[in-house]
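Please open the model in your viewer and keep the selection panel at hand, for this tour moves from one selection to the next.

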Amino acid sequence: MSVNDADDEDARQPLSRANGLVLVMNTPKGRGVFATQDISRSTVIDVSPVLVFSQEEVEKHTQHTCLQHYTYYWPSKSGKTTTQALALGLGSMFNHSTRAQNVGWKRNFETEVIVYTALRDIKAGEELCISYGHARLWFEDADANNNDDDETDSNDDKDLAEIELSGLGRMEL
Ligand SMILES: C[S@@+](CC[C@H](N)C(=O)[O-])C[C@H]1O[C@@H](n2cnc3c(N)ncnc32)[C@H](O)[C@@H]1O
């Protein structure tokens, strides 16, 4: 089959990744994604396909491994319960920022991808951070001292930042 045979537009999910991204290996947060060039607001940073685990797989396997630090909440196949999904691609590499997240994420349950989008203009050299949500973090926040600063939250797009971004932080540990 060639892509031309897949003429049903609904059966396609365009893929995209912003230029000028690097993975830095030794940050205070572990590995992290950084910009090496300026990125404009609303740029799609990455479209990450996900691997959806069944509830049984989560209970018996993934929650007993390091995967529990990477999975997002996701509806189960029946749509009646919630399970977890692992973002492939860059989706598992974004660190959390409580006050200065510059990337929003939105789940597409139909095509099983998470789309990561710049919430504001991002300067070369900045780390790309998402919000893991408002629940208690399971690690010591490397930005803790910075969070006390009187800086204003630079996100204009509160809806994307705080309503859609509630999965990772709810992981049970
Ligand atoms: C989804 S992974 C992100 C990629 C991770 N840094 C790595 O090297 O694999 C989540 C993990 O990153 C680390 N992390 C993310 N945000 C952090 C933060 N604000 N402060 C400290 N560690 C953070 C924590 O170890 C957390 O369990």
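**The ligand and its surroundings**

Select the ligand first: the space that it takes is the largest pocket, a pocket being, on a 1 Å grid over the protein atoms alone, an open set of points with protein on both sides within 12 Å along at least five of seven lines. This is a predicted model, in which local features need pLDDT of at least 70 and side-chain atom pairs count only at pLDDT 80 or more, while totals for chains, interfaces and linings use all residues. Residues are numbered from 1 along each chain as its sequence is written, and side-chain values use heavy atoms, with hydrogens and water left out.

Next, show the 16 residues around the ligand (a heavy atom within 4 Å), of which K29, R31, Y70, N95 and H96 come nearest.

Now display polar contacts, pairs of N or O atoms within 3.5 Å. At K29, a polar backbone atom is 2.7 Å from a nitrogen atom of the ligand, and at Y70 an N or O atom of the side chain is 2.4 Å from a ligand oxygen atom. Select D141 as well, where a polar side-chain atom lies 2.8 Å from a nitrogen atom of the ligand.

Finally, colour β2 (30-35) and β6 (95-96), strands (DSSP runs of E, at least two residues) that each supply at least two residues of the shell around the ligand.

Terms used
A polar contact is a pair of N or O atoms within 3.5 Å; within protein, one must be able to donate a hydrogen and the other to accept it, and residues adjacent in sequence count only if both atoms are side-chain atoms. On a 1 Å grid over the protein atoms alone, a cavity is a set of points where a 1.4 Å probe fits but cannot get out, and a pocket is an open set with protein on both sides within 12 Å along at least five of seven lines; lining residues have an atom within 4 Å of a point. A molecule sits in a cavity or pocket if more than half of its atoms lie within 2 Å of its grid points. Helices (H or I, at least four residues) and strands (E, at least two) are DSSP runs, numbered from the N terminus.
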